[in-house]
Amino acid sequence: MRRSVGRVLVTSNPKQGGYANVQAAMMSTLVPPLPQLIGVKGHLNLAHMFLRQVLRPGDTVIDATAGKGHDSSFLARIILTPDSGSLVSMDVQEQALAKTRETLVLSMAPLYSVKQIESMMRDRVRLVLQNHRSFPTDIPDESVAAIVYNLGYLPGSDKSITTCPADTIASIEAATRLVKTHGLISILAYRGHEGGVEETAAVEKFATSLKPFDWSVYSHYPLNRPTSPVVFTLFKNA
Ligand SMILES: C[S@@+](CC[C@H](N)C(=O)[O-])C[C@H]1O[C@@H](n2cnc3c(N)ncnc32)[C@H](O)[C@@H]1O
């Protein structure tokens with residue numbers, strides 16, 4: 001069946017699979033095969049691997065840097081069901097949110113009917129044009145299973161519109177209040193672009209300051225590639 005959701009043309013087969021099959025297939029691959037952890041996208045797969053461990057269908061999640069919507073789509077495919085789950089995707093650029101909407105719709109097309117996608121996009125996906133320094137005020141503290149950052153600039157667009165240490169740290173600080181016990185703040189920080197080393201250092205400094213009783217904090221990066229991205233995982237213990 002070919003139909004449009006908003007301005008995105010999708011092909012979907014509502015008879016195919018069914019929701020239970022989709023979830024079973026997704027949850028059966030909790031750990032990606034090793035080759036996915038070593039190529040150019042190794043850092044992304046590593047971040048997603050940790051997120052898969054904490055997320056469940058029906059959870060609420062925030063993508064604090066929506067960009068082209070790849071992380072949002074990854075999250076949506078785990079937590080959204082036709083009648084539960086909630087995704088908030090934020091960015092400071094309208095074009096990023098438009099692209100995120102398109103990526104989300106296309107990524108859900110093989111899994112759900114057009115009607116289901118329309119209702120999920122309307123009722124449980126929020127695309128928020130806002131600096132992530134603060135989050136929408138109606139999100140209660142301790143209610144979010146994961147808050148995800150993929151720092152830097154939108155690939156293929158204006159590189160001057162990039163995350164910056166002051167906003168990033170203010171945001172992560174706010175995120176520590178929104179995330180629930182056993183939830184995760186995942187931050188992918190790049191060291192190859194201008195300002196990236198400083199921003200990564202600021203994230204590391206903030207993460208290191210979190211109380212060990214309340215938080216289990218890790219950084220992950222390949223020791224033999226000094227400029228490769230760093231994945232920070234901040235697990236809330238209590
Ligand atoms: C590396 S991209 C994100 C990639 C994205 N997660 C994806 O899957 O395609 C970083 C994004 O952060 C956005 N950004 C920069 N500063 C921001 C801020 N203060 N608040 C929210 N978004 C911001 C940029 O506009 C850009 O789209």
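Okay, so before anything else, one term: when I say cavity, I mean a set of grid points where a 1.4 Å probe fits but cannot get out, and a residue counts as lining if it has an atom within 4 Å of one of those points. Also, keep in mind that what you're looking at is a predicted model.

So, with that in hand, who gives the most to the lining of the largest cavity? That's α3, with four residues. Helix α3 runs over 42-54, and together with β6 (144-150) and β7 (179-189) it belongs to the elements that each supply at least two lining residues there. If you want to click through them, the lining is Leu44, Ala47, His48, Leu51, Asp71, Val148, Tyr149, Asn150, Ser186 and Leu188. By class, you get six nonpolar residues, three polar and one charged. The volume of this largest cavity is about 40 Å³, and when you count cavities of 30 Å³ or more, you end up with one.

Okay, on to the open side of things: the pockets. The largest pocket comes in at about 780 Å³. It has 34 lining residues, and the ones closest to its centre are Gly67, Asn150, Leu151, Tyr153 and Pro155. You may remember Asn150 from the cavity lining a moment ago. And which helix gives the most to the lining of this pocket? α3 again, with four residues. Also supplying at least two residues each are α4 (70-79) and β4 (86-91). The class split for the pocket lining is 13 nonpolar, 16 polar and five charged.

Now, what takes up the space of that largest pocket? The ligand does. Around the ligand there are 22 residues, with Thr65, Lys68, Asp71, Asp91 and Gln93 as the closest. Asp71 is another name from the cavity lining, by the way. That ligand shell breaks down into six nonpolar, 12 polar and four charged residues.

Let me pick out some polar contacts for you. On the side-chain front, Asp91 has an N or O atom 2.6 Å from an oxygen atom of the ligand. Then there's Lys68, where a backbone N or O atom lies 2.8 Å from a ligand oxygen. And a nitrogen atom of the ligand sits 2.9 Å from a polar backbone atom of His132. As for how much of the ligand is covered: on its own it exposes 610 Å², and the protein buries 95% of that.

So if you open the model after this, I'd start at α3, with its four residues in the cavity lining and four in the pocket lining, and then go over to Asp91, Lys68 and His132 around the ligand. That's it from me.

Definitions and conventions
Residues are numbered from 1 along each chain as its sequence is written. This is a predicted model: local features need pLDDT of at least 70, side-chain atom pairs count only at pLDDT 80 or more; totals for chains, interfaces and linings use all residues. Side-chain values use heavy atoms; hydrogens and water are left out. A residue is near a molecule or strand if one of its heavy atoms lies within 4 Å of it. A polar contact is a pair of N or O atoms within 3.5 Å; within protein, one must be able to donate a hydrogen and the other to accept it, and residues adjacent in sequence count only if both atoms are side-chain atoms. Accessible areas come from the Shrake-Rupley method with a 1.4 Å probe; for residues, only the protein chains shown count as cover. On a 1 Å grid over the protein atoms alone, a cavity is a set of points where a 1.4 Å probe fits but cannot get out, and a pocket is an open set with protein on both sides within 12 Å along at least five of seven lines; lining residues have an atom within 4 Å of a point. A molecule sits in a cavity or pocket if more than half of its atoms lie within 2 Å of its grid points. Ala, Val, Leu, Ile, Met, Phe, Trp, Tyr, Cys and Pro count as nonpolar, Asp, Glu, Lys and Arg as charged, and the others, Gly among them, as polar. Grid points are joined across faces, edges and corners, and a volume is the space filled by probe spheres set on the points.
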